[in-house]
Amino acid sequence: MIRPTPELREAARHPDPHRRTVMHQRWEELLFLHWTIDRETIQRTLPRGLHCDTFAGTGWLAIVPFAMRNVRPAGLPAIRQVSNFLELNVRTYVHDEHGVPGVWFYSLDCNQPLAVWVARTFFRLPYMNATMTADFGGDIDYRCQRRASPAEARFRWRTPHTTQAAKPGSLEFFLLERYFLYSARGGRLFRGQVAHEPYLYGGTQVTELATLPADQAGFTGLPAKPQHTCRSPGVDVRILGLERLPQQAP
């Protein structure tokens, strides 16, 4: 197993020229809530071939509510009724046997049923149907209730006055600069790449949050206050085609 190096983390930021763009989308008004989690606890939840990526010796779990805008297949226009929706994901940070850093999703709540079907079918991601609303005013008010769940997760935060790019080697670079996602199905591991400009992020005041999405993913008992919080106004994103990775030996 190779652990991620600064060179591998930098290389991950550059899209593979041999893989075609399959979708365009914009991610807006992202709130990143991060908790430290023991790496062995995370490792037990991962499929074979993936390893918990750590910063200062610990793993990290994130809850990330945001808005999806202008989602469309490559070569087609966006359609407002289906291209704009909300998404909330629970994720951790991983690398494969070759040290390629990425994201592992435990769940992705979404209020667009077509997007749920596409992501589950073609990207093998654990999308969940949910009822969601958001008011993107000066103070953002964001709510999510997963289908068949009686409980609602609510988040309220304020937009930052200033933003900046993450510096290589910093915690923010480790958490935000992620350009690969991993998924699994039928014992096989898959990897997808996204291409976008580096995030601009800033501090934010969170006046209300819920750990319910993490509870639903099996991570119960998180502290009420995350170890790290930030917000980004958003990025334009290209989604590259999914690739199936070589099967891991038992």
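How many salt bridges does the structure hold? I looked this up at the start, working from a predicted model. The count is 18 salt bridges.

**Entry: one salt bridge**

I picked out the pair Arg26 and Asp236, whose side chains meet in a salt bridge at 3.2 Å, N to O. I then checked where the two residues sit. Arg26 belongs to strand E1 and Asp236 to strand E14, which covers residues 228-240. The two are 210 residues apart, and the pair links distant parts of the chain.

**Entry: the strands around that salt bridge**

I next asked how E1 and E14 are arranged. They pair in the antiparallel sense, over twelve bridges. As one position in this pairing I noted Thr21, whose bridge partner in E14 is Leu240. E14 also pairs with strand E11, residues 188-195, in the antiparallel sense and over two bridges. There I found Val194 opposite Ile239 of E14.

I added a general reminder for reading strands: side chains in a regular strand alternate between the two faces of the sheet.

**Entry: the largest pocket**

I moved on to empty space. A probe the size of a water molecule, rolled over the atoms, shows where such space is left.

The largest pocket came up with a volume of about 830 Å³. Its lining has 43 residues. Which of them lie nearest the centre? I wrote down Met23, Gln25, Met68, Val71 and Tyr127.

I sorted the lining of this pocket by class and got 34 nonpolar, five polar and four charged residues. Then I looked for the elements that each supply at least two residues of the lining. Among the strands, I listed E1 (21-37), E3 (59-73), E4 (85-96), E5 (101-110) and E10 (180-185). Helix H3 (80-83) and helix H4 (113-122) are on the list as well. E1 thus appears in my notes again, as it also carries Arg26 of the salt bridge with Asp236.

**Entry: the second largest pocket**

The second largest pocket holds about 170 Å³ of space. For its lining I recorded Pro6, Arg9, Glu10, Phe55, Pro168, Gly169, Ser170, Phe173 and Phe174. Helix H1 (6-11) and helix H5 (171-176) are the elements that give two or more residues to this lining. Which element gives the most? I found that H1 does, with three residues. By class, the lining of the second largest pocket splits into five nonpolar, two polar and two charged residues.

**Entry: the cavity**

I searched for cavities of 30 Å³ or more and found one. About 30 Å³ of space lies in this largest cavity. The residues lining the cavity are Asp109, Cys144, Gln145, Arg146, Ala151, Ala153, Leu212, Pro213 and Gln216. Strand E7 and helix H6 (212-216) are the elements giving two or more residues to the cavity lining. I counted the classes there too: five residues are nonpolar, two polar and two charged.

**Entry: strands E7, E8 and E13**

Two residues of the cavity lining, Cys144 and Ala153, made me look at the strands they come from. What does Cys144 stand opposite in E8? The residue is Ala153. Strand E7 (residues 139-146) and strand E8 (residues 153-158) pair in the antiparallel sense, over six bridges.

The hairpin of E7 and E8 has six residues between the strands. In this hairpin I noted Ala148, which takes a positive phi near 75 degrees.

E8 pairs with strand E13 (residues 206-208) as well, in the antiparallel sense and over two bridges. Here Arg156 stands opposite Glu208 in E13.

**Entry: a nonpolar surface patch**

Last, I turned to the surface. Which residues form a nonpolar patch there? I listed Ile79, Val82, Leu114, Trp117 and Phe122, with about 490 Å² of accessible area together. H4 gives the most to the patch, with three residues. Trp117 has its place in this helix, H4. I had already written down H4 as one of the elements supplying at least two residues to the lining of the largest pocket.

How values were computed
Residues numbered from 1 in each chain as written. Predicted model: local features only at pLDDT ≥ 70, side-chain atom pairs only at ≥ 80, totals over all residues. Heavy atoms only, no water. 1 Å grid on protein atoms, 1.4 Å probe; cavity = no way out; pocket = protein on both sides within 12 Å on 5 of 7 lines; lining within 4 Å. Points joined across faces, edges and corners; volume = space filled by probe spheres on them. Helix = DSSP H or I, 4+ residues; strand = E, 2+ residues; numbered from the N terminus. Nonpolar A, V, L, I, M, F, W, Y, C, P; charged D, E, K, R; others polar. Patch = residues over 30% accessible without salt bridge, like charges linked within 9 Å, V, L, I, M, F, W, Y side chains within 5 Å. Areas by Shrake-Rupley, 256 points an atom, 1.4 Å probe, with all protein chains shown as cover. Salt bridge = Lys/Arg side-chain N within 4 Å of Asp/Glu carboxyl O. Pairing = 2+ DSSP bridges.
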